[in-house]
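Trainee: I would like a close look at one part of this protein, the cavity inside it. Please take me through what surrounds it and then outward from there.

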Amino acid sequence: MRHFGRGVGGRLFVHILGVLCGLVLLPVAADHLVLGAARVAGRLRLPPMVVGVVIIGLGTSAPEFMVSATAAATGNAGIAVGNLIGSNILNVTLVLGVAALAGAVTVTSIVIGREVTLSLVAVGVFAIAIGVGLNSWSGLLLCVAAAIAITLLVRWARGDRANTVVAEQTVEFTAPAAESPIRLVTESVRTVTGLAGVLLAAQLLVANAGAIAAEFGVPQLIIGATVVALGTSLPELVTAVQAQRRGESELLIGNVFGSNLFNSLVGGGIVGVFIGTTPSATADLPTVMAMVAATALAWLLLRRNLRLTRPESVLLLIGYTATLPLLFLA
């Protein structure tokens with residue numbers, strides 16, 4: 001019995017270490033992936049709105065995509081769906097709330113009426129897909145919706161001066177130091193290495209988180225929506241805080257709600273495709289409703305006065321803590 005206990009404890013320690021390594025490696029690798037991809041795109045003279053909306057927007061959500069895709073492909077559908085749901089909740093509560101503690105976040109009515117509302121709709125569509133059962137068919141529909149949404153975002157960025165400025169500010173985040181030339185080969189290597197690092201971190205995180213869930217009998221959805229989601233949302237948190245410190249509230253809002261849009265449509269689509277046609281991934285109603293309610297709350301607070309104050313940011317943080325009991329009902 002003692003030998004058995006030591007064996008279980010040893011395995012648990014290895015799994016916890018694997019999760020921690022994945023959580024440390026994931027944001028670092030994702031950062032280099034985004035930097036490299038954005039600089040390569042800039043070196044190839046792609047328009048700022050394409051780099052900002054597509055390259056960087058998708059890049060900051062790469063941890064969610066990779067982790068959820070890895071989980072779905074390895075039979076851990078609960079972690080895959082839980083990660084996307086938890087990340088969506090985290091972005092509009094914890095990430096947005098922490099960033100707004102540094103000062104009021106302002107936004108224009110145009111951004112609220114278009115980009116933020118589009119993100120809310122995307123989360124709603126994702127919630128419906130989960131309710132029906134996420135599989136390859138619903139996944140393909142989500143991918144089609146993602147293509148339509150990205151087309152709209154790029155068109156809006158081209159047609160509106162304010163959005164063009166935001167796209168340019170986004171590109172500045174990835175620009176090298178002054179007078180430092182962008183070397184195509186170097187940045188290409190950085191991009192590939194970052195992608196490899198994200199894939200390795202995703203494998204470490206999913207395999208060991210799944211093992212811990214099995215060891216303690218905890219549903220995979222809970223592990224995915226809490227520990228895994230927190231790790232995959234770190235890039236969004238870092239970007240949001242940096243944007244707020246530089247007074248670029250529009251960039252902050254675009255990062256948070258854009259991430260939720262990509263998580264819901266692109267991430268949900270990828271997970272559905274990997275799950276296949278016969279099995280499906282679902283989540284309990286309280287968990288899905290918590291995701292929709294958190295997104296709607298952030299949308300309403302911003303829409304009310306086109307700004308998010310410190311007291312309202314505290315309300316968002318309270319909202320995050322209020323969702324945790326709902327997750328454990330899953």
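Mentor: Leu94, Val95, Leu230, Ser233, Leu234 and Leu237 line the largest cavity. Two elements each give two or more residues to that lining, helix H4 (77-100) and helix H10 (234-245). Sorted by class, the lining holds five nonpolar residues and one polar residue, with no charged residue. The volume of the largest cavity is about 30 Å³, and a search of the whole structure finds one cavity of 30 Å³ or more. Keep in mind that this is a predicted model.

Now take a residue of helix H10, namely Glu236. Is Glu236 buried or exposed? Its relative accessibility is 0%, so Glu236 counts as buried, the cut-off being under 20%. Setting aside residues up to four places away in sequence, Glu236 touches Thr60, Ser61, Glu64, Asn91, Val95, Asn255 and Ser259. One of these, Val95, is also part of the lining of the largest cavity. Another, Asn91, is 145 residues from Glu236 along the chain, yet their C-alpha atoms are separated by 7.3 Å.

Asn91 leads on to Asn263, which has Asn91 among its contacts. Asn263 sits in helix H11 (residues 249-275). With 0% relative accessibility, Asn263 counts as buried because the limit is under 20%. Apart from neighbours within four places in sequence, Asn263 is in contact with Ser61, Glu64, Phe65, Leu84, Ser87, Asn88, Asn91 and Gly268. Ser61 and Glu64 also appear among the residues that Glu236 touches.

The next step is the nonpolar core. The largest nonpolar core has 81 residues, and Ile253 and Phe257 touch the most other members. Helix H4 gives the most to this core, with 12 residues. Which residues does Ile253 contact, leaving aside neighbours within four places in sequence? They are Leu96, Val105, Val107, Val111, Val116, Gly258 and Leu302.

Two other residues can be set beside these. Ser136 is found in helix H6 (residues 136-159). Its relative accessibility is 11%, so Ser136 counts as buried. Beyond its neighbours within four places in sequence, Ser136 is in contact with Gly272, Val273, Gly276 and Thr277. Leu204, in helix H8 (residues 184-216), is partly exposed because its relative accessible area is 27%. Not counting residues up to four places away in sequence, Leu204 touches Gly18, Cys21 and Gly22. Leu204 and Cys21 are 183 residues apart in sequence, and 7.3 Å apart in space from C-alpha to C-alpha.

Last comes the protein as a whole. It has 13 helices and two strands. Of its 330 residues, 52% are buried. About 14300 Å² is exposed, and carbon and sulfur atoms supply 70% of that. Among contacts with a separation of 6 or more, 88% are between residues 24 or more positions apart. The pair Glu236 and Asn91, 145 residues apart along the chain, illustrates a long separation in sequence.

Definitions and conventions:
Residues numbered from 1 in each chain as written. Predicted model: local features only at pLDDT ≥ 70, side-chain atom pairs only at ≥ 80, totals over all residues. Heavy atoms only, no water. Helix = DSSP H or I, 4+ residues; strand = E, 2+ residues; numbered from the N terminus. Buried < 20%, exposed > 50% of the residue type's maximum accessible area, 1.4 Å probe, protein only. Contact = heavy atoms within 4.5 Å. Areas by Shrake-Rupley, 256 points an atom, 1.4 Å probe, with all protein chains shown as cover. 1 Å grid on protein atoms, 1.4 Å probe; cavity = no way out; pocket = protein on both sides within 12 Å on 5 of 7 lines; lining within 4 Å. Points joined across faces, edges and corners; volume = space filled by probe spheres on them. Nonpolar A, V, L, I, M, F, W, Y, C, P; charged D, E, K, R; others polar. Core = buried A, V, L, I, M, F, W, Y, C linked by side-chain atoms within 4.5 Å.
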